[in-house]
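Thank you all for coming. I would like to walk through one model with you this morning, and I will begin with its charged pairs before moving on to the rest of the fold.

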Amino acid sequence: MTLKSPKLMEARRAAGILRSALRGHTGDLTLADASAKSGLPLRDAESGLHLLVSEHRGHLKATSEGELLFRFPYGFTKPWETRTRLTRALQAVLRAAAGVARFVVRAWIAIVLIAYVAIFVGILIAQLFARSSSDSRNHDDVPGSFAGYFLFRLVLDAIFWTFHPFSPFVWTAEPAWSSSHGRHRGALGQRRDETPFYEKVNRFFFGPTPAPRDPLEAEKLILAEIRAQRGRIGLADVMRVTGLSRDEADPRMARLMLDYDGTVDVSEEGGIVYRFEAIRRTAAEAPARAPAPVWAKREELPPLTGNGPGMNALIVALNGFNLLMSLYALGAHLTLDNLGLLARGVPMAELPATGTAVALGVVPLVFSLALFALPLGRALLRPLKQRRLARQNGRRAVLRAILGRVGARQGREPITEAVLQRAWREAAGEPPRSEEITREVVALGGDVDLEAGEGIRYRFPDLETEAKALEAEREAASEEEARAGKVIFSSDA
């Protein structure tokens, strides 16, 4: 009698059965517990449990007998999803508002920062011609008014085509050749700044545009670490290359095991090792390189504008000119009707002092003040952002100090509170609060070593057993797992 090989149930279907069977369960459970309660074979219960751990932020534990314990602190609910949805909705609204604001500012570059400058310059020129024509001609004299109008249009068109975002003659307002911007090099090896003027104005008001982030960056780093570490990694390796917390790394590894045919091994001491043999296969001859640890790159606060001082001064001057001229327009009652009279050669002193200058006074005044408020507000928020980045650098430094002292050969090196405080201070530039160190130690599974002498010392038993188990697993890992095998057929032969 020939027995057929067992058919594996789809992991998502098995997870649905387990979710119904284990509803209301609290505490830890073994694979056998889940299998007995659900009626699923062990192999299907295992794949379903790992999927549930990933989806419901469950936790894995290991016993001294090499048994895995599964725990779901939130049950099979997702209380964080409400917060996540609200956060995503708020972020979407903020992104939309920022997009609208950027569009308005880009349009405002052509309307206010440039067109209003041209209009106000034209008004000043028209006043000069009106004053000169009043000395020699009547106000209805056509040649004087025509010359003023022609000069006004000439200035307007010249400035418009110089600064228009889509003009082929966009002026960058920086030195023609700069060593710090642009992509093309000149004859002297310097880079030419080809950033459009409107983009530099956006930088001034909104700050430099951040580089796009790869949504799969964390997965790529973890996979690179897996291949560099002979297909065997632990949570410490995940935290080292991604900076994720232990609670974030645990469910992520459960999901990666489903995606990349991974398994979990547990040592006799209870150290958990994630094994990924299939992902080691490669056609490359050189060994895989491990990614740099997350603390190798220090988080820095981006510049306020990203522009040179000359460009910032020009933008301030243009916006300040519009602000001053809007105040002048309000005081001189430069309504559209009076502007028409001025264009026909009527002197400024003879214009009727009635009406409110909305187009030339209120509108540019409000927007000029708003535009100045944007960089000022960002400048006031920079200390808060700087402290947040300092805390992030401090946490990474604490992680480096702990992981660097936890290992099969270095596990006896003491991890004291003074060591962690010094690491934080060197990376963050300021001393940590006592609760910050305690929070990081607890998040990494640390305990106070009560047998230590003077001073506070910490131990991380889970990380220590994990490091020992990983060392043994990696020494036993075969290099054959990484080889793709001998080529027996090629289409180009």
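Glu479, in this predicted model, is partly exposed, with a relative accessible area of 37%. Its side chain forms a salt bridge with Arg280, where the closest N and O atoms are 3.6 Å apart, and Arg280 itself counts as buried, at 6% relative accessibility. The two residues belong to distant parts of the chain, 199 residues apart: Arg280 lies in the loop between S8 and H10, and Glu479 lies in the segment after helix H15, which covers 461-476.

Which residues do salt bridges with shared partners join to this pair? The network takes in Arg230, Arg232, Asp265, Arg275, Glu277, Arg280, Glu473, Glu479 and Glu481.

Within that network, let me pick out Arg232 and Glu277, whose side chains meet in a salt bridge at 3.8 Å, N to O. Here, too, distant parts of the chain are linked, since Arg232 is in strand S6, residues 232-233, and Glu277 is in the loop between strand S8 (272-275) and H10, 45 residues apart. Arg232 counts as buried at 2% relative accessibility, whereas Glu277 is partly exposed, with a relative accessible area of 34%.

The count of salt bridges comes to 23. One of them joins Arg12 to Glu55, with the closest N and O atoms 2.5 Å apart, and this pair spans 43 residues of sequence, from helix H1 (residues 11-21) to helix H3 (residues 42-55).

Now to the protein overall. It has 15 helices and 11 strands, and 39% of its 493 residues count as buried. Among contacts with a separation of 6 or more, 65% are between residues 24 or more positions apart. The accessible surface comes to about 28,500 Å², and carbon and sulfur atoms account for 57% of that area.

Turning to the interior, I would remind you that in soluble globular proteins nonpolar side chains tend to be buried together. The largest nonpolar core here has 57 residues, and the members that touch the most other members are Met253, Tyr274, Ile402, Leu420 and Phe460. Helix H12, residues 358-405, gives this core its largest share, namely 7 residues. There is also a second, separate core of 12 residues, and Met325, Leu342, Ala357 and Leu360 are among them.

What does Leu420 touch, if we leave aside residues up to four places away in sequence? Its contacts are Val398, Ala401, Ile402, Ile415, Ile437, Val441 and Tyr458.

Two of those contacts, Ile415 and Tyr458, bring us to a sheet, in which Ile415 stands opposite Tyr458 in S11. Three strands form this open sheet in the order S9-S11-S10, with antiparallel pairing. Strand S9 (415-416) and strand S10 (447-448) each have a single partner strand, so one side of each is left without a neighbour in the sheet. The pairing of S9 with strand S11, residues 457-459, runs over 2 bridges.

A second open sheet, also of 3 strands and also antiparallel, has the order S1-S3-S2. Its edge strands are S1 (29-30) and S2 (59-62), each of which pairs on one side only. S2 pairs with strand S3, residues 68-71, over 4 bridges, and in that pairing Lys61 stands opposite Leu69.

Let me come back to Met253, one of the core members I named, by way of helix H9. This helix, residues 246-259, has 14 residues and reaches 20 Å from its first C-alpha to its last, close to the 20 Å expected at 1.5 Å a residue. Its buried residues are Arg246, Ala249, Asp250, Pro251, Met253, Ala254, Leu256 and Met257. Just after H9, Asp261 takes a positive phi of about 55°.

I will finish with Asn312, which is placed in helix H10, residues 309-332. Is this residue buried or exposed? With a relative accessible area of 17%, Asn312 is buried, because the cut-off for that class is under 20%. Apart from residues up to four places away in sequence, Asn312 touches Phe204, Thr305 and Asn307.

Definitions and conventions
Residues are numbered from 1 along each chain as its sequence is written. This is a predicted model: local features need pLDDT of at least 70, side-chain atom pairs count only at pLDDT 80 or more; totals for chains, interfaces and linings use all residues. Side-chain values use heavy atoms; hydrogens and water are left out. Two strands pair if DSSP finds at least two bridges between them. Buried means under 20% relative accessible area, exposed over 50%, partly exposed in between (1.4 Å probe, protein chains only). Contact means heavy atoms within 4.5 Å. A nonpolar core is a set of buried Ala, Val, Leu, Ile, Met, Phe, Trp, Tyr and Cys residues joined through side-chain atoms within 4.5 Å. The expected span of a helix is 1.5 Å times one less than its number of residues. Accessible areas come from the Shrake-Rupley method with a 1.4 Å probe; for residues, only the protein chains shown count as cover. A salt bridge is a side-chain nitrogen of Lys or Arg within 4 Å of a carboxyl oxygen of Asp or Glu.
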